[in-house]
Amino acid sequence: MSTFESSIREIAYSQQAVYDMLSNLSNIEKVKGRIPEDKLNDLSFDQDSIAISSPMGAVKLHIIDREPPKTIKFETEQSPLPFNFWIQLLPVTDTSCKMKLTIKAELNPFIKGMVQKPLQEGIEKIADALQMIQY
C-alpha cells in the first residue's frame, strides 16, 4: 500500500465549520467560482459523491465514512487507479484548525514510479484549494 500525504495546512476557521462544509459535497456549488473553467467541464457532484475527468481518465469518489468533526473518508467508485482518500481535521483554537489530506493506493512498483510525482503534486493542489475556501 502506497501512502501520499499533503503538508499540514492551517485553516482560519473552526474545525466544525470546515467539517460541515467538506462533509456535504453539495457545498461545492458555493466554491465553483474559484475552480478554473477548464476544470469544470466534467465536474458533477451530490451530497455524497463527486466525479471529474482527469488526464488519467474519469474519477468518481464517494464518501464512505464521516467521523464528525474529525475525518471524512472517500473511496473510488470509478477510477483508472483505485484509491482511498481522506481529509483529517484537528482543532488548533476555537477559530482555526489544521488539515491533512491522505491518499492510499495499492500500486505495483512500475505504476508507482509513474504516478508518484503527479499524485503528490495533485494532493498538494487539492490542499491549496481547500485552504483558500471561505468556510
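Me: I'd like to start with the hairpin. How many residues lie between β3 and β4?

Reply: Happy to begin there! The hairpin formed by β3 and β4 has three residues between its strands. Keep in mind as we go that this is a predicted model.

Me: How do I read the pairing of these strands, and in which sense do β3 and β4 pair?

Reply: Look for bridges, the places where residues of two strands are matched up. Strand β3 covers residues 44-45 and strand β4 covers residues 49-54; they pair in the antiparallel sense, over two bridges. As an example, find S44, which stands opposite A51 in β4.

Me: What is the bridge partner of A51 in β5?

Reply: That partner is K60. Strand β5 spans residues 57-67 and runs antiparallel to β4, with six bridges joining the two.

Me: Let's turn to helices. Where do the buried residues of α1 fall when I look down its axis?

Reply: First, the general idea: an α-helix has 3.6 residues a turn, so residues three or four places apart point the same way. Now the case here. Q15, V18, Y19, M21 and L22 are the buried residues to pick out in α1. Seen down the axis, they fall within an arc of 165°, so they line one face of the helix.

Me: What about α4? How many residues does α4 have, and how far does it reach?

Reply: One way to read a helix is to set its reach against the expected value. Helix α4, residues 109-132, has 24 residues and reaches 34 Å from first C-alpha to last, close to the 34 Å expected at 1.5 Å a residue. Even so, α4 has a kink of about 45° at V115, shortly before the proline P118. At the start of this helix, a side-chain oxygen of N108 comes to within 3.0 Å of the backbone nitrogen of F110.

Me: Which residues of α4 are buried, and what covers them?

Reply: V115 appears again here, joined by L119, I123, A127 and L130 as the buried residues of α4. Their cover includes β1, β2, α1, β7 and β8.

Me: Is R9 buried or exposed?

Reply: For this, check the relative accessible area: under 20% counts as buried. R9 has 9%, so R9 is buried. This residue lies in strand β2.

Me: Which side chains make polar contacts with the side chain of R9?

Reply: Try finding two of them. One contact, of 2.8 Å, joins R9 to S7, and another, of 2.6 Å, joins R9 to D128. Beyond its neighbours within four places in sequence, R9 is in contact with residues including C97, M99, E124 and A127.

How values were computed: Residues are numbered from 1 along each chain as its sequence is written. This is a predicted model: local features need pLDDT of at least 70, side-chain atom pairs count only at pLDDT 80 or more; totals for chains, interfaces and linings use all residues. Side-chain values use heavy atoms; hydrogens and water are left out. Helices (H or I, at least four residues) and strands (E, at least two) are DSSP runs, numbered from the N terminus. The expected span of a helix is 1.5 Å times one less than its number of residues. The bend at a residue is the angle between axes fitted to the seven residues ending there and the seven starting there. Buried means under 20% relative accessible area, exposed over 50%, partly exposed in between (1.4 Å probe, protein chains only). Contact means heavy atoms within 4.5 Å. A polar contact is a pair of N or O atoms within 3.5 Å; within protein, one must be able to donate a hydrogen and the other to accept it, and residues adjacent in sequence count only if both atoms are side-chain atoms. The arc is that of the directions from the helix axis to the C-beta atoms. Two strands pair if DSSP finds at least two bridges between them.
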